[in-house]
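Student: Could you walk me through one part of this model in detail? I'd like a close look at the protein surface around the DNA.

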Protein chains: 2
Amino acid sequence: MMRQNKRPTIYDLARLAKTSPSTVSSVLNGNWRKRRISEKLARSIKTLAHEQGYALNRQARALRKDRSGIIGMILPMYDNRYFGSIAEHFEQMARDRGLLPVITSTRRDPELEAEAARAMLSYRVEYLVCAGTTAPDQIHDLCAEEDVPSLNLDLPGTKAPSVISDNYTGAYHLTAQIIRDLEDLDVHGELAFVGGRHTDHNTKERLRGFNDASKAKIETRIETCGYAADKAYRAMADLFDQTGTLPSGLFVNSTISLEGVIRFLGDRPDVSRSVVSIGCFDWDPFVQVLAHNIHMVRQNVPQMMECLFQLYDNRERDAALIEIAPILQLATSRN
Amino acid sequence: MMRQNKRPTIYDLARLAKTSPSTVSSVLNGNWRKRRISEKLARSIKTLAHEQGYALNRQARALRKDRSGIIGMILPMYDNRYFGSIAEHFEQMARDRGLLPVITSTRRDPELEAEAARAMLSYRVEYLVCAGTTAPDQIHDLCAEEDVPSLNLDLPGTKAPSVISDNYTGAYHLTAQIIRDLEDLDVHGELAFVGGRHTDHNTKERLRGFNDASKAKIETRIETCGYAADKAYRAMADLFDQTGTLPSGLFVNSTISLEGVIRFLGDRPDVSRSVVSIGCFDWDPFVQVLAHNIHMVRQNVPQMMECLFQLYDNRERDAALIEIAPILQLATSRN
DNA sequence: TTGAAAGCGCTAACAG
DNA sequence: CTGTTAGCGCTTTCAA
């Protein structure tokens with residue numbers, strides 16, 4: 001028997017069960033015990049709902065309760081393991097709390113970020129997480145207008161709690177390792193920093209670690225050319241053109257930038273042999289197993305997300321900076 | 001001056017503008033021209049709305065219009081470029097159509113897939129795209145109960161239109177290339193297929209291409225051990241244990257499986273030198289630039305998504321199979 | 001132990 | 001050209 005008609009509502013069920021919509025509602029959403037509805041009625045309504053294929057309309061509930069049950073997240077892209085892992089953990093932890101996770105990517109573009117935030121707010125998200133967004137404070141303001149709390153992840157803001165990696169320390173150790181490699185090999189070239197934006201917090205902190213670790217030890221050059229692979233490729237070309245030789249050590253600011261760096265090195269085998277040690281602030285399994293001479297810093301996603309949802313659970317709203325130590329994964333072999 | 005109170009509604013604006021809610025509504029949602037509301041009133045309402053910081057409540061609109069403006073997508077994971085790229089294209093194309101994209105990952109688990117579908121349906125998604133899902137027909141049934149159309153991507157179903165890669169042809173060419181490599185090197189070992197599930201359509205089709213291309217040319221072994229990297233690692237160990245030697249050619253069924261394969265080869269350099277040619281049905285930029293001896297098949301995501309949204313735009317609902325040719329990317333060098 | 005009724009914010013007849 | 005009104009499906013007092 002085909003049921004052509006629309007999905008049944010609690011009114012339909014009430015009619016069939018010869019009871020009232022409010023009774024059906026309370027039975028179906030679980031607070032029938034405190035309404036002291038008889039076990040028997042409750043059970044019969046539940047089986048009826050099942051038979052009729054009843055399904056809750058959460059839009060209606062959201063409108064009435066003024067709580068959508070949606071939690072939003074904005075992130076740059078899905079083109080690396082870091083943000084992919086963040087997305088997966090976020091989804092899981094949101095679902096554990098009975099929330100619908102809604103994630104959207106905005107390519108580090110503040111315009112797109114604001115547009116995405118507005119779209120989510122118009123669906124009345126209850127919370128908005130800004131992961132690696134360029135303009136978290138702007139998003140915070142948008143949220144504040146609607147009294148929606150926001151949280152920052154990976155890149156900090158000044159108006160909401162932020163959970164980020166300890167970029168300074170991670171970069172310091174990574175840089176120190178590269179320098180040690182050069183010393184071990186008795187190589188006396190330069191050290192370059194490639195990728196990222198000199199305007200973003202993470203890049204600034206990593207540069208600080210980079211500079212502190214290299215100070216008075218080695219000449220450095222900085223190419224904060226953006227994250228994109230193509231830009232890193234061109235930055236490498238620039239680096240070469242400036243002096244006619246490539247640096248001996250390379251600090252690369254993300255796997256995406258690393259993509260461009262490696263492509264450049266592959267395209268120019270003649271000039272690339274002067275690069276003897278590479279470190280990347282970010283992690284990718286293929287790099288780990290294929291390039292045995294690249295050190296990587298792996299951000300601790302599970303711990304960061306744990307921390308983020310603790311803030312969520314406590315309804316924390318005051319700006320604060322929480323730094324999580326990333327993990328330095330040394331190259332498996334040395335050439 | 002702080003505005004503590006909640007966001008204004010069209011009723012508030014109507015009161016302030018000394019007009020009616022329906023007038024405000026029509027002005028704000030754009031069909032005021034056909035209501036022939038005076039230019040002047042329209043403009044004044046618009047500026048008022050702006051001043052008051054009015055924002056549309058889409059939950060309310062959705063309830064009233066019985067159209068949520070949400071399009072859903074279910075996919076396995078974000079741990080590879082293929083699904084990452086699918087997610088990004090999906091978001092863009094959904095936004096182009098004024099829809100809110102909601103994507104969720106379900107680890108190829110039919111239980112989770114059904115649960116995710118139900119969650120989205122309870123928020124009244126207008127359309128649901130199953131990308132690489134294990135049980136697309138089950139999801140289709142769930143959707144059909146609510147009269148919500150569904151579409152399949154990457155992995156086909158029998159009940160809704162499906163856009164997938166041409167797995168057979170892609171696998172055939174990839175296999176042929178591996179065999180050519182062995183011939184060129186005058187190697188006479190075996191050829192193995194590693195990764196994927198022998199129950200899923202893609203793996204079956206790729207196996208068919210693999211078998212047709214290798215038939216009567218070379219001995220083959222099949223290890224459809226699942227996609228996970230760890231499983232592929234163990235499959236490699238099994239392959240070795242069976243005969244005390246590794247195959248000369250390897251057809252790997254995804255980048256995730258490739259991760260495990262490469263890890264195994266790296267862990268066992270003693271036995272791995274017998275592997276002289278590898279092909280992977282999937283693409284990753286790091287593999288491309290770091291492993292110069294691995295051929296890859298890159299699925300044509302832009303074209304697949306173009307095709308998918310054409311089905312969406314035409315409100316296509318009948319089952320059909322559309323195959324998009326993937327691109328064979330040959331290894332850049334040969335050892 | 002249960003029902004009636006109001007209302008969340010919006011849209012769309014229908015009536016002027 | 002604009003206002004009144006009903007109602008989308010649900011939750012929640014309040015009353016019985």
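Tutor: Here is a look at that surface, followed by a helix pair and a sheet.

Keep in mind that this is a predicted model. Around DNA strand C there are 26 residues, and the closest are A:Ser22, A:Ile37, B:Thr9, B:Ser22 and B:Ala60. Two or more residues each come from helix 2 and helix 4 (58-65) of chain A, and from helix 2 (21-28) and helix 4 (58-65) of chain B. Helix 4 of chain B gives the most, with 5 residues. Sorted by class, the surface near DNA strand C has 9 nonpolar, 10 polar and 7 charged residues.

Now stay with helix 2 of chain A, since it has a partner. The axes of helix 1 (residues 10-17) and helix 2 (residues 21-28) of chain A come within 8 Å and cross at roughly 110°. Angles from 65 to 115 degrees count as roughly perpendicular, so that is how these two helices of chain A sit relative to each other. On the helix 1 side the contact uses A:Ile10, A:Tyr11, A:Leu13, A:Ala14 and A:Ala17, while helix 2 brings A:Pro21, A:Val24, A:Ser25 and A:Leu28. By class, that makes 8 nonpolar residues, 1 polar and no charged.

Over in chain B, 6 strands form an open sheet with parallel pairing, in the order 2-1-3-4-5-11. Its edges are strand 2 (100-105) and strand 11 (320-324), each pairing on one side only. From one strand to the next, the twist averages 20°. Within the sheet, strand 3 (residues 127-131) and strand 4 (residues 150-153) of chain B run parallel, joined by 4 bridges. B:Val129, for instance, has B:Leu151 of strand 4 as its bridge partner.

Technical notes: Residues numbered from 1 in each chain as written. Chains lettered and ligands numbered in written order. Predicted model: local features only at pLDDT ≥ 70, side-chain atom pairs only at ≥ 80, totals over all residues. Axes fitted to C-alpha atoms, helices over the stretch in contact; angles between N-to-C directions. Parallel < 35°, antiparallel > 145°, perpendicular 65-115°, else oblique. Contact = placed C-beta atoms within 7 Å. Nonpolar A, V, L, I, M, F, W, Y, C, P; charged D, E, K, R; others polar. Pairing = 2+ DSSP bridges. Near = placed C-beta within 6 Å.
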